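Pull up the model and keep the sequence window open next to it. We'll walk through it piece by piece, beginning at a loop and working towards the barrel and the helices around it.

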Amino acid sequence: MHTCREIATQLMAPGKGILAADESIGTMSTRLENAGVEGTAENRRVYRELLATTPDLADGVSGIILCDETLNQHCGGAPFAQALHTLGILPGIKVDTGAKACPGLPGETVTEGLDGLAARLTRYAELGARFAKWRAVYAITDSTPTAGAIAVNASALARYAAACQEAGLVPIVEPEVVMTGNHSQIRCAEVTAAIHAEVRTALELLNVDLAGMVLKPNMIVEGADNPDRTAPADVAAVTGKVLQAWPDDLAGIAFLSGGQPPDRATANLAALQHLRTPWPLTFSFGRALVTPALLAWRGDTTRYAAGQTALAERVRANAAAVRLRTELQRT
Ligand code: 5MM
(Lines give C-alpha, C1' and ligand atoms only; values in the text may rest on other atoms or scores of the structure.)
Protein backbone atom coordinates (compact mmCIF):
# COMPACT_ATOMS: atom_id res chain seq x y z
CA MET A 1 0.00 0.00 0.00
CA HIS A 2 1.43 3.37 -1.03
CA THR A 3 1.23 6.25 1.40
CA CYS A 4 -0.44 9.53 0.55
CA ARG A 5 2.97 11.21 0.62
CA GLU A 6 4.35 8.77 -1.96
CA ILE A 7 1.33 9.16 -4.24
CA ALA A 8 1.43 12.95 -3.94
CA THR A 9 5.08 12.91 -4.95
CA GLN A 10 4.21 10.81 -8.01
CA LEU A 11 1.41 13.24 -8.92
CA MET A 12 3.84 16.14 -8.70
CA ALA A 13 6.57 14.37 -10.71
CA PRO A 14 8.88 16.89 -12.42
CA GLY A 15 7.76 17.82 -15.93
CA LYS A 16 4.26 16.39 -15.49
CA GLY A 17 0.81 17.67 -14.59
CA ILE A 18 -2.74 16.47 -14.07
CA LEU A 19 -5.54 16.18 -16.63
CA ALA A 20 -8.96 17.12 -15.23
CA ALA A 21 -11.46 15.03 -17.17
CA ASP A 22 -14.00 14.89 -14.34
CA GLU A 23 -16.86 16.92 -15.80
CA SER A 24 -20.11 15.77 -14.27
CA ILE A 25 -22.64 14.06 -16.56
CA GLY A 26 -24.58 17.30 -17.16
CA THR A 27 -21.52 19.43 -17.95
CA MET A 28 -19.97 16.78 -20.18
CA SER A 29 -23.20 16.20 -22.09
CA THR A 30 -23.59 19.94 -22.74
CA ARG A 31 -19.99 20.22 -23.94
CA LEU A 32 -20.42 17.22 -26.23
CA GLU A 33 -23.69 18.56 -27.61
CA ASN A 34 -22.11 21.96 -28.25
CA ALA A 35 -19.53 20.09 -30.32
CA GLY A 36 -22.23 18.23 -32.26
CA VAL A 37 -21.99 14.95 -30.34
CA GLU A 38 -25.00 13.34 -28.66
CA GLY A 39 -24.61 13.41 -24.86
CA THR A 40 -24.91 9.67 -24.20
CA ALA A 41 -23.05 7.56 -21.64
CA GLU A 42 -21.25 5.74 -24.47
CA ASN A 43 -20.16 9.00 -26.14
CA ARG A 44 -18.88 10.30 -22.80
CA ARG A 45 -16.93 7.03 -22.41
CA VAL A 46 -15.51 7.13 -25.94
CA TYR A 47 -14.40 10.74 -25.46
CA ARG A 48 -12.62 9.95 -22.17
CA GLU A 49 -11.05 6.88 -23.83
CA LEU A 50 -9.79 9.12 -26.65
CA LEU A 51 -8.16 11.41 -24.08
CA ALA A 52 -6.66 8.65 -21.91
CA THR A 53 -5.24 6.61 -24.79
CA THR A 54 -3.51 9.55 -26.47
CA PRO A 55 -0.09 8.17 -27.43
CA ASP A 56 2.66 8.94 -24.90
CA LEU A 57 0.25 10.85 -22.64
CA ALA A 58 2.13 9.60 -19.55
CA ASP A 59 5.19 11.59 -20.66
CA GLY A 60 3.43 14.76 -19.55
CA VAL A 61 0.49 13.61 -17.43
CA SER A 62 0.93 12.02 -13.99
CA GLY A 63 -2.76 11.60 -13.20
CA ILE A 64 -6.24 11.93 -14.69
CA ILE A 65 -9.23 13.02 -12.63
CA LEU A 66 -12.37 11.10 -13.57
CA CYS A 67 -15.96 11.33 -12.41
CA ASP A 68 -17.95 8.47 -10.88
CA GLU A 69 -19.53 7.48 -14.20
CA THR A 70 -16.18 7.12 -15.97
CA LEU A 71 -14.57 5.19 -13.12
CA ASN A 72 -17.33 2.61 -13.58
CA GLN A 73 -16.81 2.42 -17.36
CA HIS A 74 -14.23 0.59 -19.48
CA CYS A 75 -11.30 1.86 -21.49
CA GLY A 76 -9.79 -0.45 -24.13
CA GLY A 77 -11.74 -3.34 -22.60
CA ALA A 78 -10.42 -2.88 -19.05
CA PRO A 79 -11.99 -0.99 -16.13
CA PHE A 80 -10.90 2.65 -16.49
CA ALA A 81 -8.69 2.77 -13.42
CA GLN A 82 -6.88 -0.41 -14.41
CA ALA A 83 -6.35 0.92 -17.93
CA LEU A 84 -4.80 4.11 -16.54
CA HIS A 85 -2.49 2.14 -14.24
CA THR A 86 -1.36 0.11 -17.27
CA LEU A 87 -0.66 3.35 -19.14
CA GLY A 88 1.48 4.63 -16.23
CA ILE A 89 -1.07 7.25 -15.18
CA LEU A 90 -2.61 7.57 -11.70
CA PRO A 91 -6.42 7.44 -11.65
CA GLY A 92 -8.19 10.10 -9.60
CA ILE A 93 -11.84 10.66 -8.78
CA LYS A 94 -13.97 13.74 -8.22
CA VAL A 95 -15.88 13.00 -5.01
CA ASP A 96 -17.87 16.16 -4.38
CA THR A 97 -21.46 16.14 -5.57
CA GLY A 98 -21.39 19.71 -6.76
CA ALA A 99 -21.70 23.31 -5.61
CA LYS A 100 -25.27 23.79 -4.35
CA ALA A 101 -27.17 26.91 -3.24
CA CYS A 102 -26.12 27.58 0.36
CA PRO A 103 -29.01 28.10 2.76
CA GLY A 104 -28.74 31.51 4.41
CA LEU A 105 -26.36 32.89 1.79
CA PRO A 106 -28.38 34.05 -1.24
CA GLY A 107 -26.47 33.66 -4.50
CA GLU A 108 -23.61 31.68 -2.93
CA THR A 109 -22.83 27.99 -2.93
CA VAL A 110 -21.49 25.33 -0.65
CA THR A 111 -20.02 22.21 -2.18
CA GLU A 112 -21.78 19.06 -1.03
CA GLY A 113 -20.84 15.38 -0.87
CA LEU A 114 -19.82 14.71 2.73
CA ASP A 115 -22.75 12.35 3.45
CA GLY A 116 -21.56 8.77 3.01
CA LEU A 117 -18.15 10.01 1.82
CA ALA A 118 -16.05 7.54 3.82
CA ALA A 119 -17.83 4.54 2.25
CA ARG A 120 -17.51 6.01 -1.24
CA LEU A 121 -13.80 6.66 -0.74
CA THR A 122 -13.27 3.05 0.33
CA ARG A 123 -15.05 1.86 -2.80
CA TYR A 124 -13.09 4.22 -5.07
CA ALA A 125 -9.82 3.01 -3.56
CA GLU A 126 -10.91 -0.60 -4.21
CA LEU A 127 -11.65 0.34 -7.83
CA GLY A 128 -8.05 1.59 -8.14
CA ALA A 129 -8.30 5.34 -7.53
CA ARG A 130 -5.20 6.82 -5.90
CA PHE A 131 -6.29 10.41 -5.40
CA ALA A 132 -9.46 12.47 -5.19
CA LYS A 133 -10.69 15.98 -5.89
CA TRP A 134 -13.20 18.37 -4.27
CA ARG A 135 -13.94 21.81 -5.69
CA ALA A 136 -15.35 24.76 -3.77
CA VAL A 137 -16.58 27.64 -5.92
CA TYR A 138 -16.51 31.35 -5.02
CA ALA A 139 -17.67 34.23 -7.20
CA ILE A 140 -16.44 37.78 -6.75
CA THR A 141 -19.10 40.51 -6.63
CA ASP A 142 -19.34 43.70 -4.58
CA SER A 143 -20.69 41.63 -1.67
CA THR A 144 -19.29 38.12 -2.19
CA PRO A 145 -17.74 35.85 -1.23
CA THR A 146 -19.11 36.36 2.27
CA ALA A 147 -17.37 35.21 5.43
CA GLY A 148 -20.08 32.54 5.69
CA ALA A 149 -19.35 31.04 2.27
CA ILE A 150 -15.63 31.11 2.97
CA ALA A 151 -16.15 29.36 6.33
CA VAL A 152 -18.54 26.60 5.25
CA ASN A 153 -16.54 25.71 2.15
CA ALA A 154 -13.25 25.63 4.06
CA SER A 155 -14.80 23.30 6.61
CA ALA A 156 -16.09 20.97 3.89
CA LEU A 157 -12.74 20.96 2.06
CA ALA A 158 -10.95 20.03 5.28
CA ARG A 159 -13.42 17.27 6.21
CA TYR A 160 -13.05 15.86 2.69
CA ALA A 161 -9.24 16.05 2.82
CA ALA A 162 -9.04 14.33 6.21
CA ALA A 163 -11.43 11.57 5.05
CA CYS A 164 -9.35 11.01 1.90
CA GLN A 165 -6.13 10.58 3.83
CA GLU A 166 -7.82 8.11 6.19
CA ALA A 167 -8.87 6.12 3.11
CA GLY A 168 -5.35 6.29 1.62
CA LEU A 169 -6.31 8.67 -1.19
CA VAL A 170 -4.42 11.90 -1.84
CA PRO A 171 -6.83 14.85 -1.61
CA ILE A 172 -6.65 17.56 -4.24
CA VAL A 173 -8.09 20.59 -2.47
CA GLU A 174 -9.58 23.00 -4.99
CA PRO A 175 -10.85 26.37 -3.76
CA GLU A 176 -11.73 28.05 -7.07
CA VAL A 177 -12.36 31.78 -7.33
CA VAL A 178 -14.06 31.87 -10.71
CA MET A 179 -13.17 34.48 -13.33
CA THR A 180 -16.76 35.65 -13.83
CA GLY A 181 -17.05 39.43 -13.39
CA ASN A 182 -15.05 42.57 -14.05
CA HIS A 183 -12.99 42.66 -10.86
CA SER A 184 -9.34 43.66 -10.80
CA GLN A 185 -6.40 41.33 -10.33
CA ILE A 186 -5.82 42.90 -6.90
CA ARG A 187 -9.37 42.09 -5.77
CA CYS A 188 -8.86 38.50 -6.94
CA ALA A 189 -5.66 38.41 -4.86
CA GLU A 190 -7.39 39.71 -1.72
CA VAL A 191 -10.30 37.30 -2.03
CA THR A 192 -8.12 34.30 -2.83
CA ALA A 193 -5.78 35.07 0.07
CA ALA A 194 -8.70 35.27 2.51
CA ILE A 195 -10.10 31.95 1.25
CA HIS A 196 -6.73 30.22 1.45
CA ALA A 197 -6.18 31.46 5.02
CA GLU A 198 -9.48 29.91 6.09
CA VAL A 199 -8.74 26.67 4.22
CA ARG A 200 -5.32 26.40 5.90
CA THR A 201 -6.87 26.88 9.35
CA ALA A 202 -9.54 24.25 8.65
CA LEU A 203 -6.97 21.76 7.34
CA GLU A 204 -4.80 22.28 10.40
CA LEU A 205 -7.73 21.77 12.79
CA LEU A 206 -8.37 18.35 11.20
CA ASN A 207 -4.69 17.38 11.16
CA VAL A 208 -4.50 17.05 7.38
CA ASP A 209 -0.97 16.11 6.35
CA LEU A 210 0.02 18.79 3.83
CA ALA A 211 2.84 16.58 2.54
CA GLY A 212 0.16 14.13 1.36
CA MET A 213 -2.09 16.76 -0.24
CA VAL A 214 -2.12 18.82 -3.44
CA LEU A 215 -3.59 22.32 -3.60
CA LYS A 216 -5.45 23.23 -6.80
CA PRO A 217 -5.90 27.01 -6.83
CA ASN A 218 -6.86 29.57 -9.43
CA MET A 219 -4.12 31.77 -10.83
CA ILE A 220 -4.53 35.38 -9.70
CA VAL A 221 -6.00 37.10 -12.74
CA GLU A 222 -8.50 39.84 -13.45
CA GLY A 223 -12.19 39.05 -14.06
CA ALA A 224 -13.20 37.83 -17.51
CA ASP A 225 -15.15 41.05 -18.20
CA ASN A 226 -12.24 43.28 -17.22
CA PRO A 227 -10.55 44.43 -20.45
CA ASP A 228 -7.14 44.84 -18.74
CA ARG A 229 -5.27 41.61 -19.45
CA THR A 230 -2.62 41.05 -16.78
CA ALA A 231 0.71 40.03 -18.31
CA PRO A 232 2.15 36.61 -17.39
CA ALA A 233 4.98 38.08 -15.31
CA ASP A 234 2.45 40.04 -13.23
CA VAL A 235 0.13 37.04 -12.90
CA ALA A 236 3.11 35.05 -11.62
CA ALA A 237 4.32 37.74 -9.22
CA VAL A 238 0.93 38.30 -7.57
CA THR A 239 0.01 34.60 -7.55
CA GLY A 240 3.34 33.89 -5.85
CA LYS A 241 2.61 36.48 -3.14
CA VAL A 242 -0.77 34.91 -2.38
CA LEU A 243 0.65 31.40 -2.27
CA GLN A 244 3.66 32.18 -0.12
CA ALA A 245 1.57 31.71 3.04
CA TRP A 246 1.40 27.95 2.36
CA PRO A 247 3.83 25.92 4.48
CA ASP A 248 6.90 24.39 2.87
CA ASP A 249 5.73 20.82 3.46
CA LEU A 250 2.75 21.07 1.07
CA ALA A 251 3.31 18.35 -1.57
CA GLY A 252 2.61 20.67 -4.47
CA ILE A 253 0.38 23.13 -6.25
CA ALA A 254 -1.47 22.22 -9.45
CA PHE A 255 -3.31 25.17 -11.00
CA LEU A 256 -6.73 25.05 -12.61
CA SER A 257 -7.12 26.94 -15.89
CA GLY A 258 -10.44 28.55 -14.99
CA GLY A 259 -11.61 29.28 -18.52
CA GLN A 260 -8.45 31.09 -19.63
CA PRO A 261 -7.65 30.50 -23.30
CA PRO A 262 -5.26 27.52 -23.52
CA ASP A 263 -2.29 29.64 -24.68
CA ARG A 264 -2.74 32.14 -21.86
CA ALA A 265 -2.95 29.42 -19.21
CA THR A 266 0.29 27.93 -20.56
CA ALA A 267 2.08 31.29 -20.69
CA ASN A 268 1.07 32.03 -17.10
CA LEU A 269 2.17 28.55 -16.00
CA ALA A 270 5.55 29.12 -17.63
CA ALA A 271 5.94 32.51 -15.93
CA LEU A 272 5.11 30.92 -12.57
CA GLN A 273 8.10 28.58 -12.92
CA HIS A 274 10.41 31.56 -12.39
CA LEU A 275 9.24 31.83 -8.77
CA ARG A 276 11.47 30.31 -6.12
CA THR A 277 8.94 28.19 -4.20
CA PRO A 278 9.38 25.32 -1.74
CA TRP A 279 6.73 23.27 -3.58
CA PRO A 280 6.50 22.28 -7.27
CA LEU A 281 3.99 24.20 -9.41
CA THR A 282 2.20 22.35 -12.18
CA PHE A 283 -1.10 22.19 -14.05
CA SER A 284 -4.36 20.43 -13.31
CA PHE A 285 -6.18 21.86 -16.29
CA GLY A 286 -9.53 20.82 -17.66
CA ARG A 287 -10.74 23.08 -20.43
CA ALA A 288 -7.29 24.42 -21.35
CA LEU A 289 -6.21 20.86 -22.20
CA VAL A 290 -9.31 19.20 -23.59
CA THR A 291 -11.24 21.87 -25.49
CA PRO A 292 -8.95 21.74 -28.55
CA ALA A 293 -9.23 17.94 -28.56
CA LEU A 294 -13.02 17.96 -28.39
CA LEU A 295 -13.25 20.52 -31.19
CA ALA A 296 -10.80 18.58 -33.38
CA TRP A 297 -12.73 15.31 -32.87
CA ARG A 298 -16.41 16.34 -32.73
CA GLY A 299 -17.45 12.68 -32.55
CA ASP A 300 -16.15 11.88 -36.03
CA THR A 301 -14.37 8.50 -36.01
CA THR A 302 -12.13 9.67 -38.86
CA ARG A 303 -11.02 12.60 -36.63
CA TYR A 304 -10.15 10.43 -33.59
CA ALA A 305 -6.39 10.76 -34.16
CA ALA A 306 -6.77 14.51 -34.74
CA GLY A 307 -8.43 14.81 -31.33
CA GLN A 308 -5.56 12.95 -29.70
CA THR A 309 -3.00 15.08 -31.54
CA ALA A 310 -4.70 18.25 -30.27
CA LEU A 311 -4.55 16.99 -26.67
CA ALA A 312 -0.94 15.86 -27.08
CA GLU A 313 -0.02 19.33 -28.33
CA ARG A 314 -1.52 21.05 -25.25
CA VAL A 315 0.05 18.53 -22.88
CA ARG A 316 3.45 18.97 -24.54
CA ALA A 317 3.24 22.78 -24.24
CA ASN A 318 2.26 22.66 -20.55
CA ALA A 319 4.80 19.95 -19.68
CA ALA A 320 7.46 22.09 -21.38
CA ALA A 321 6.34 25.05 -19.26
CA VAL A 322 6.66 22.99 -16.09
CA ARG A 323 10.06 21.64 -17.13
CA LEU A 324 11.33 25.23 -17.19
CA ARG A 325 11.57 25.01 -13.40
CA THR A 326 14.10 22.17 -13.58
CA GLU A 327 16.05 24.02 -16.24
CA LEU A 328 16.05 27.28 -14.25
CA GLN A 329 17.17 25.46 -11.10
CA ARG A 330 20.20 24.15 -13.01
CA THR A 331 21.34 27.66 -13.95
C1 5MM B 1 -13.48 19.36 -15.50
O2 5MM B 1 -14.38 20.19 -14.76
C3 5MM B 1 -14.38 19.92 -13.37
C4 5MM B 1 -15.72 19.74 -12.74
O5 5MM B 1 -16.77 19.98 -13.61
P6 5MM B 1 -18.28 20.00 -13.07
O7 5MM B 1 -18.57 21.45 -12.79
O8 5MM B 1 -19.06 19.44 -14.20
O9 5MM B 1 -18.37 19.14 -11.85
C10 5MM B 1 -13.72 21.07 -12.63
O11 5MM B 1 -13.71 20.86 -11.24
C12 5MM B 1 -12.32 21.14 -13.07
O13 5MM B 1 -11.61 20.02 -12.60
C14 5MM B 1 -11.65 22.38 -12.55
O15 5MM B 1 -12.51 23.48 -12.50
C16 5MM B 1 -10.48 22.74 -13.43
O17 5MM B 1 -10.94 22.81 -14.75
P18 5MM B 1 -10.55 24.06 -15.60
O19 5MM B 1 -11.32 23.89 -16.88
O20 5MM B 1 -10.97 25.26 -14.80
O21 5MM B 1 -9.04 23.95 -15.74
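Arg298 sits in the loop between α11 and α12; helices (DSSP H or I runs of at least four residues) and strands (E runs of at least two) are numbered from the N terminus. This is a predicted model, in which local features need pLDDT of at least 70, side-chain atom pairs count only at pLDDT 80 or more, and totals for chains, interfaces and linings use all residues. Residues are numbered from 1 along each chain as its sequence is written, and side-chain values use heavy atoms, with hydrogens and water left out.

Back to the backbone: Arg298 is not a glycine, yet its phi is positive, about 50°. Arg298 is partly exposed, with a relative accessible area of 42%; buried means under 20%, exposed over 50%, and partly exposed in between, with a 1.4 Å probe and protein chains only. Asn207 is another non-glycine residue with a positive phi, this one about 55°. You'll find Asn207 in the loop between α8 and β10, and with a relative accessible area of 68% it is exposed. For one more backbone feature, go to the loop between β8 (131–138) and α7, where Pro145 lies. The peptide bond from Thr144 to Pro145 is cis, with omega near 0°.

Now step back from Arg298 into the helix before it, α11 (residues 287–297). Its buried residues are Ala288, Leu289, Val290, Ala293, Leu294, Ala296 and Trp297. As a reminder about helices, there are 3.6 residues a turn, so residues three or four places apart point the same way. What covers those buried residues of α11? The cover includes the strands β1 (17–20) and β12 (281–285), along with the helices α2 (25–34), α3 (41–52), α10 (262–272) and α12 (304–330).

Those two strands lead us to the barrel. It is closed by 8 strands in the order β1-β2-β5-β8-β9-β10-β11-β12, with parallel pairing; two strands pair if DSSP finds at least two bridges between them. α12 packs on this sheet, touching β1, β2 (61–66) and β12, and its direction makes about 160° with that of β12. Here contact means heavy atoms within 4.5 Å. Angles run from 0 to 180 degrees between N-to-C directions, and axes are lines fitted to C-alpha atoms, for helices over the stretch in contact.

Zoom in on β2 for a moment. How many of its residues are buried? 6 of its 6 are, which leaves β2 mostly covered. On one side, β1 and β2 run parallel and are joined by 4 bridges, with Ile18 having Gly63 as its bridge partner in β2. β2 is also joined to strand β5 (residues 90–94) by 4 bridges, again in parallel, and there Gly63 stands opposite Leu90. Further along the barrel, β9 (residues 170–177) and β10 (residues 214–215) pair in the parallel sense over 2 bridges. Val173 has Leu215 as its bridge partner in β10.

Next, two helix pairs. The axes of α3 and α12 come within 9 Å and cross at roughly 55°. The two helices are therefore oblique to each other, since angles under 35 degrees count as roughly parallel, over 145 as roughly antiparallel, 65 to 115 as roughly perpendicular and the rest as oblique. α3 passes α12 in a right-handed crossing, meaning that the near helix is turned clockwise from the far one by less than a right angle (anticlockwise would be left-handed). The contact is made by Val46, Glu49, Leu50 and Leu51 of α3 and Tyr304, Gly307, Gln308 and Leu311 of α12.

The other pair is α7 (residues 147–167) and α8 (residues 185–205), whose axes come within 8 Å and cross at roughly 40°. That makes α7 oblique to α8, and this crossing is right-handed too. On the α7 side, the contact residues include Ile150, Ala154 and Ala161, while α8 contributes, among others, Ile195, Glu198 and Leu203.

Finally, look at Val242 in helix α9 (residues 232–243). Val242 is buried, with a relative accessible area of 11%. Leaving aside neighbours within four places in sequence, Val242 is in contact with Ala189, Thr192, Ala193, His196 and Ile220. Val242 and Ala189 are 53 residues apart in sequence but 6.5 Å apart in space, C-alpha to C-alpha.
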